[in-house]
Amino acid sequence: MIEKLYEKYLIECSNNSILEAVAFELFKEKICDKLSYMNSIAIDNGVDEQGVLYYSLWSNDGIQTCNVPVYGYYASSEKTLSKLFCKLSDTVISNGDTKFQINLYAHDYEALALFSMMQFGYIYEQGRLEITDYPYQFNDTYTIKTLEKDEIEKRWDEIWTLTDAIIKHLKQAPVFYPGHEFTEQVYKEFFMDSETNLHIALSKDDEIIGMIESNSESDVFAFHSTKSVNVGEIYVMPKYRGSSLSKDLLQFVIEHEKQKDARYLWVGHGTANPNARGFWNKYFKTYQYELVRTIKNIKFTNSV
């Protein structure tokens with residue numbers, strides 16, 4: 001089935017200019033290591049029906065999660081993919097209420113439509129941007145810089161004010177994300193981590209008017225050794241929205257990471273957030289969607 005998984009991967013690469021396909025042997029080397037830690041459901045009648053779903057299971061607060069990675073599915077037809085999910089759900093729901101996370105290639109329209117029909121909802125997408133060499137003129141009405149860790153400590157109250165504004169935005173319509181895990185301590189540890197870079201924009205009065213972060217989390221999708229850097233947590237003060245500040249912050253990250261020999265930036269964001277989609281999708285090409293559905297373990301009993 002590894003050859004079939006590779007076929008799916010090549011189809012997305014051929015339909016998405018931001019992805020560069022790797023040779024089969026490297027794909028096999030990378031993917032076999034990941035799949036060795038997963039369970040699988042397969043169909044193979046030896047004639048016209050083949051398919052597989054690799055998945056991971058874990059439990060939290062009484063609900064188990066079943067995750068199918070984007071590189072872990074193949075089906076010879078829509079009908080076969082539907083059968084695979086039926087087998088998968090029958091297998092895992094017997095253990096209790098289950099949240100399914102199905103990750104699909106962005107250009108696999110048939111699979112995306114099928115899971116939408118099966119009452120799955122889009123929740124998350126990932127995209128990439130290639131770092132290129134071309135001249136860029138920054139706005140000179142503000143300054144953008146990367147903060148040292150001691151500067152983060154000194155200016156933490158200002159940084160937390162902007163970060164907290166992001167959290168509050170996500171809690172409002174239309175996202176309604178509770179964000180209980182987004183505590184001040186969690187964010188401070190993240191920004192202070194040696195693998196995270198916090199970049200800020202300063203007004204002429206030395207006020208922090210915007211921020212963005214980049215970190216070393218790898219984009220595992222493409223499997224090759226080309227360096228890719230994660231970017232996120234962008235925020236611009238209301239007074240400066242509609243200017244070029246958001247774009248300038250992103251371009252600053254591009255210039256910063258280019259000096260470290262990165263070739264791509266990648267971003268992951270919620271699909272329910274129109275502001276995030278409107279900004280990130282302007283510059284990044286989506287290659288993966290995550291769809292979710294929680295299914296209750298309903299035990300049927302015979303009635304007299």
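Which residue in S3 does Ser 59 stand opposite? The close-ups below start with that question and then move on to rings and cysteines. Please keep in mind that this is a predicted model.

**View 1. Strands S2 and S3 form a hairpin.**
Welcome to the first stop, where strand S2 covers residues 50-60 and strand S3 covers residues 63-68. The two strands pair in the antiparallel sense, over five bridges. Here is the reply to the opening question: Ser 59 stands opposite Gln 64 in S3. Two residues lie between the strands of this hairpin. Look in the turn for Asp 61, whose phi is positive, at about 55°.

**View 2. Strand S3 also pairs with strand S5.**
Stay with S3 and turn to its other partner, S5, which spans residues 98-105. S3 and S5 run parallel and are joined by five bridges. To find your place in this pairing, start at Thr 65, whose bridge partner in S5 is Lys 99. Strand S3 is mostly covered, with five of its six residues buried.

**View 3. Tyr 136 and Phe 138 make an edge-to-face pair.**
Across the whole structure, a search finds 21 aromatic pairs. In the pair formed by Tyr 136 and Phe 138, the ring centres are 4.9 Å apart and the planes meet at 75°, so the pair counts as edge-to-face. Phe 138 is partly exposed, as its relative accessible area is 29%.

**View 4. Seven aromatic residues are linked into a cluster.**
Here ring pairs connect Trp 156, Trp 160, Tyr 177, Phe 182, Tyr 187, Phe 190 and Phe 191. Try tracing the cluster from Trp 156 and Trp 160 to the tyrosines, Tyr 177 and Tyr 187, and the phenylalanines, Phe 182, Phe 190 and Phe 191.

**View 5. Arg 128 lies over the face of Tyr 264.**
This view pairs a charge with a ring. Arg 128 is placed at 3.9 Å from the ring centre of Tyr 264.

**View 6. Cys 32 and Cys 66 are in no disulfide.**
A disulfide is a covalent bond between the sulfur atoms of two cysteines. How many disulfides does a search of the whole structure find? The count is zero. For Cys 32, the closest cysteine sulfur belongs to Cys 13 and is 17 Å away, so the two are too far apart for a bond. Cys 32 is partly exposed, with a relative accessible area of 33%. For Cys 66, the nearest cysteine sulfur is that of Cys 86, at 13 Å. Cys 66 has 0% relative accessibility and so counts as buried.

Definitions and conventions:
Residues numbered from 1 in each chain as written. Predicted model: local features only at pLDDT ≥ 70, side-chain atom pairs only at ≥ 80, totals over all residues. Heavy atoms only, no water. Buried < 20%, exposed > 50% of the residue type's maximum accessible area, 1.4 Å probe, protein only. Helix = DSSP H or I, 4+ residues; strand = E, 2+ residues; numbered from the N terminus. Pairing = 2+ DSSP bridges. Phe/Tyr/Trp six-rings, centres within 6.5 Å; stacked < 30°, edge-to-face > 60°. Lys NZ or Arg CZ within 6 Å of the ring centre and 35° of its normal. Disulfide = S-S within 2.5 Å.
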